[in-house]
Amino acid sequence: MKAHLRASLGRVIEDLGSTLLEVVCGDAVSEARVGGVVIYDPLEEQVSCLDALVLGVGVREPASIAALLSDPVMAGAAALVVRAPVLADPVVTAASSRSGVTVLALTPGATWAQLAAMVRSLIAEGDIAEVGTPTMFGTPAGDLFALANAIAALLDAPITIEDRGNRVLAFSGRQDEADASRVATILGRQVPEQYTRILEERGVYQALYRSEEPVFVDPLPDLIGHGEMPRAALVVRAGDEILGTIWAAVWAPLSAERAQALRDAAKLVALHMMRLRAGADVGRRLHADLVATALESGPGAAQAVARLGLAERAAVVVALDVIGSIGSDGEPSAVQRAHLVAERQRVADAFAVHLTAVHPRSAVAVVGDVVYAIVPVPQQSADGAQRVATVAQEFLRRVGTRHGLIVGIGEVGTGHGELSRSRAGAHRALNVLRNRDGEACVASISDVQLQALLAEMAETIAERGDALGGPVARLAHYDSVHRTGLVATLRAWLEAFGDVNAASATQYVHPNTFRYRLRRVAEIGQIDLRDADARFAAMLHLRLQPPGRPTAQGDPDADPAR
């Protein structure tokens, strides 16, 4: 079986050590596989930590660390990360030795989110670059961290490799030799905005993109107060396409020999970045195909569920959609469609990261025009769907409302055969939210089942082209001919449960006037308002009417037939 080159604890420590992680006790060069990140929460039912890097948020005292290491849920974990400073206490060391779990300390100033994002990035590279994959001049294809270390050795300087958006893709060791802005860049995986703005104002990026030679960048203003170093930077190209940049923290311009080494390295970085991008695209498509097959519950569903690691697990299907603005003709423009496609993928990626912390086995993908997630829940859980709804609400709270997200949640299903039913429920809940004009963002099908049935009835009526008859139809026709508002009168009375005073207030008329209009409703609509079945039929008809169609025009008191 192929072993993941990147997804081993030793390589994670090697790449993130000194900048983010410090080994407290245990095996620092362990070949233990890191398959994901799990956040330990003593107040929640803990998921399996097998092959996981466990983030012990809030676990500080030696006794607490030792107790967690001895917990059965930690069996098979790759490592436990706690907040520094942590001493190699004998109790902790003994517990680490018994459990076989390495204990790491997260450096002060770094956040748990930053660590989780970086580890997941390394794991993602491991999914693409495996042992046995082709090498590029001795460096495994797609291994940008190894290449960054190789370039750092050639230039004798700490290195970062960044994409076009100034996001850090990989970095070398020895970052402690650089300045505070470099540390801030690596911790945030992004060049700080204030530095980006200064580089733009100085024309550094323009010079980089025009040049095929390394550009020497003078020290930036000391915004943090620890002194800044100059940089040597070179753009990474694939033909005419600019893929990113390489930045070296140096004290002087590069010599001719080192400049040539950086130019040669940039060609290798371009090959690695292109392979990573192609591998990520292929992997994303394959993953989406597996999710789609699992949700269809067809002949290949059992195999797809097994490959996703969800076999024999109870699960809930979640459906997310982005509500985007559309053109004046009711159809999104080409630009809007492209924006929505990109936004859905960003939402899928963000939701996958969010779910990994609480449900590591979750599978997320864009299928058609909807983001679907298959979220495993405990078999015996009676409130599995509600738990997932809480996770979805927390996700929306974190990403904010700028995405215009709505989330539908299906029922709990056991086995691949029930995933399609859960998906159908999630999609029905999503349709209810689409018709609510932003009143709610998350809905479980169990909570909106009746609204979903009404929506489906309306769709069926529209598809068949049926025209609803009866009292409401007669009133609507009368309103259109005589410019009256009898349908609005009936609607107001029904919604006020027959309270004339309350209903008349919504129509801004005197109660006696409203009573007169109500008599006209009974006469013209030929409806007995004392009959409960007649009232229910009228209410259902009003609910099924296409929204937004005007029915109340003019003043019914102007009725010439009164």
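## Tyr-205 and its ring partners

In this predicted model, Tyr-205 is buried, because its relative accessible area of 7% is under the 20% limit. Trp-247 is likewise classed as buried, with a relative accessible area of 5%.

By the rule for ring pairing, there are four aromatic pairs. A pair of aromatic rings is described by the distance of the centres and the angle of the planes. For Phe-145 and Phe-171, the centres are 5.3 Å apart and the planes are at 70 degrees, an edge-to-face arrangement. Phe-145 belongs to helix H5 (residues 144-155) and Phe-171 to strand S9 (residues 168-171); with their positions 26 residues apart, the pair links distant parts of the chain. Phe-145 is buried, with a relative accessible area of 1%, and Phe-171 counts as buried at 1% relative accessibility.

Tyr-205 and Trp-247 also form an edge-to-face pair, with a centre-to-centre distance of 6.5 Å and 75 degrees between the planes. Because Tyr-205 lies in helix H8 (residues 204-210) and Trp-247 in strand S12 (residues 241-249), this pair ties together parts that are 42 residues apart in sequence.

## The cluster and the arginines over rings

Ring pairs join Tyr-205, Tyr-209 and Trp-247 into a cluster. Tyr-209 has a further partner in Arg-164, which lies over the face of the tyrosine ring at 4.9 Å from the ring centre.

A second arrangement of this kind involves Tyr-372: Arg-423 lies over the face of its ring, at 4.6 Å from the ring centre.

## The surroundings of His-354

His-354 is part of helix H11, which covers residues 334-358. Is this histidine buried or exposed? His-354 is buried, since its relative accessible area of 12% falls under the 20% limit.

Apart from neighbours within four places in sequence, His-354 is in contact with Val-391, Glu-394, Phe-395 and Arg-398. With Val-391, a polar atom of the His-354 side chain lies 3.2 Å from the backbone oxygen. As for Glu-394, its C-alpha atom is separated from that of His-354 by 9.2 Å, although the two residues are 40 residues apart along the chain.

Key
Residues are numbered from 1 along each chain as its sequence is written. This is a predicted model: local features need pLDDT of at least 70, side-chain atom pairs count only at pLDDT 80 or more; totals for chains, interfaces and linings use all residues. Side-chain values use heavy atoms; hydrogens and water are left out. Helices (H or I, at least four residues) and strands (E, at least two) are DSSP runs, numbered from the N terminus. Buried means under 20% relative accessible area, exposed over 50%, partly exposed in between (1.4 Å probe, protein chains only). Contact means heavy atoms within 4.5 Å. A polar contact is a pair of N or O atoms within 3.5 Å; within protein, one must be able to donate a hydrogen and the other to accept it, and residues adjacent in sequence count only if both atoms are side-chain atoms. Rings of Phe, Tyr and Trp (its six-membered ring) pair if their centres lie within 6.5 Å; planes under 30 degrees apart count as stacked, over 60 as edge-to-face and the rest as tilted. A charge sits over a ring if NZ of Lys or CZ of Arg is within 6 Å of the ring centre and within 35 degrees of the ring normal.
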